[in-house]
Amino acid sequence: MRTRRVTLPATAKAGEIIEIRAVILHPMVTGHSAAGANTVARRIIHTFTAVYDGEEVFRANLGTGVASNPLLVFTTVATKTGDLVFTWIDDSGETAVETRRLTVTPA
Amino acid sequence: MRLRGLVALLIALAATAFATALGAEPALRSATEFLSDALKREQADLTANRGSLWVDQGRALWTAAPAGTDGRTCASCHGDLASMKGVAARYPAADAASGQLLTLEMRINACRTRHQRQAALAPESDDLLALTAALAVQSRGMAVDIAINGAAGPAFEAGRAWFNTRQGQLNLACSQCHVDNVGGKLRGDTISSGLGTGYPAYRLEWNGLGSLHRRLRACQIGVRAVDLPFGSPEHVALELYLAWRARGTAIEAPAIRR
């Protein structure tokens, strides 16, 4: 299992904008190599998604220009109490999933 | 007025020359000072700091028994990881049993071989870096406070001599960059006082966490000197001297470095 860390508040008021940080340990092998060198298969995280109470609120398509151990910082609006599911998918099909509960109190 | 200004300038110059002759240095400057604002923020905030990935692994290893042992973990003897606050600020330190000078990494391995009956972790392995980072972060913000008397005395003198010895094909001593030219440039990077308080650090060039020892080897390759093996007495002595130079400054590990 890859080490990862998701940071977001445990509770928020309805309508409040919350910041979410997601970072994962991944080498992000670009597959680029100098002419004549041995080729290595590309292995990067190509997709990251955040699903909030069943609805996708953030998606990132990453390319080979992204450094290892990518950190993503984004925001969403707290609407109702529910689970946020974060998913990283890499070229080998490996998937890392992290779930966090957000409790929303009336504004 | 102009004459008085000139006299003041001459006195200031004389004072600077006098201080240099005595070996006094201007205030120490951590490499953190020369980071971009974005990297400074990443370093300060452990939720964004990528070194935290290793801290998390180290925290898990702290309470995990290595395979083939009697179930003894780090926590079995030491208790909660938070109780190790201040430990990293005291290393390198002489081992009470053998009198040998140990870095924090070497101390972790000494514990593994003596008390857990395990093979030592390889230098720069993820597990060793993770445990070191998890310990170091407990002392974050605390002042470096090491002992240079007793068993550490000879090593301290050796470290000081090593710091001031020219080496490599470029024939440069550590002090020529890290004392005489702090704030100057080495290609695109700014020279710091060489404090080592941020290590193990997440270095962008490495795309990962690395020890102070690895960083010192990078300097040695830079001056085209022989890079000494991990754990060599010269390196441990140098780490002790660097920690003494940095005494009173805050531990920043896991720092972000370029």
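# Exercises on a predicted two-chain model

In chain B, 25 residues of domain 1 touch 23 residues of domain 2, where contact means C-beta atoms, placed from the backbone, within 7 Å. The model is predicted, with pLDDT of at least 70 required for local features and 80 or more for side-chain atom pairs, while totals for chains, interfaces and linings use all residues. Residues are numbered from 1 along each chain as its sequence is written, and chains are lettered from A and ligands numbered from 1 in the order in which they are written.

## Exercise 1. The domains of chain B

Describe the side of domain 1 of chain B that touches domain 2 of chain B.

Step 1. Take the elements that supply at least two residues each: these are strand E6 (208–210) and helix H10 (233–245) of chain B. Helices (H or I, at least four residues) and strands (E, at least two) are DSSP runs, numbered from the N terminus.

Step 2. Rank the contributions. H10(B) gives the most to this side of domain 1, with four residues.

Step 3. Sort this side of domain 1 by class: 18 residues are nonpolar, four polar and three charged. Here Ala, Val, Leu, Ile, Met, Phe, Trp, Tyr, Cys and Pro count as nonpolar, Asp, Glu, Lys and Arg as charged, and the others, Gly among them, as polar.

Step 4. Place the domains. Domain 1 of chain B covers 30–47 + 142–257, and domain 2 covers 52–64 + 73–139; the bounds come from an automatic or database domain assignment. Their C-alpha centres lie 20 Å apart.

## Exercise 2. Two helix pairs in chain B

Determine how H7(B) packs against H10(B), and how H5(B) packs against H6(B).

Step 1. Two numbers describe a pair of packed helices: the angle between the axes and the distance between them. Axes are lines fitted to C-alpha atoms, for helices over the stretch in contact, and angles run from 0 to 180 degrees between N-to-C directions.

Step 2. For helix H7 (residues 153–163) of chain B and H10(B), the axes cross at roughly 90° and come within 7 Å. H7(B) is therefore roughly perpendicular to H10(B), a label for angles of 65 to 115 degrees (under 35 is roughly parallel, over 145 roughly antiparallel, the rest oblique).

Step 3. List the residues of this contact. H7(B) brings seven names, B:Ala155, B:Phe156, B:Ala158, B:Gly159, B:Arg160, B:Trp162 and B:Phe163, and H10(B) brings B:Glu234, B:Val236, B:Ala237, B:Leu238, B:Leu240, B:Tyr241 and B:Trp244. By class, 11 are nonpolar, one is polar and two are charged.

Step 4. Turn to helix H5 (residues 104–115) and helix H6 (residues 126–136) of chain B, whose axes are 10 Å apart at an angle of about 110°. That angle makes H5(B) roughly perpendicular to H6(B).

Step 5. List the residues here as well: B:Leu104, B:Glu105 and B:Ile108 come from H5(B), and B:Leu128, B:Leu131, B:Thr132, B:Leu135 and B:Ala136 from H6(B). Six of them are nonpolar, one is polar and one is charged.

## Exercise 3. The five-stranded sheet of chain A

Trace the sheet that contains E7(A), and find its edges.

Step 1. The open sheet has five strands in the order E2-E8-E7-E4-E5 (chain A), with mixed pairing. Strands pair if DSSP finds at least two bridges between them.

Step 2. Strand E2 (11–13) and strand E5 (55–61) of chain A each have a single partner strand, so they stand at the edges and one side of each lacks a neighbour in the sheet. Neighbouring strands are turned by 25° against each other on average, direction ignored.

Step 3. Follow E7(A) to both sides. Strand E4 (residues 45–52) and strand E7 (residues 82–90) of chain A are antiparallel over seven bridges, and eight bridges join E7(A) to the antiparallel strand E8 (residues 95–105) of chain A.

Step 4. Fix the register. A:Thr87 of E7(A) stands opposite A:Thr49, and its bridge partner in E8(A) is A:Val97. A:Asp83 stands opposite A:Arg101 in E8(A).

Step 5. Inspect the turn. The hairpin of E7(A) and E8(A) has four residues between the strands, and A:Gly93 takes a positive phi near 90° there.

## Exercise 4. The three-stranded sheet and the chain contact

Locate the three-stranded sheet of chain A, then state which of its strands serve the contact with chain B.

Step 1. The order is E1-E3-E6 (chain A), in an open sheet with antiparallel pairing. E1 and strand E6 (71–77) of chain A are at the edges, each with a single partner strand, so one side of each has no neighbour in the sheet.

Step 2. E3(A) and E6(A) are joined by seven bridges; in E6(A), A:Val73 is the bridge partner of A:Arg21.

Step 3. The contact between the chains takes 10 residues from chain A and nine residues from chain B. On the side of chain A, strand E1 (4–7) and strand E3 (17–24) give two or more residues. This side has four nonpolar, four polar and two charged residues.

Terms used
Two residues are in contact if their C-beta atoms, placed from the backbone, lie within 7 Å.
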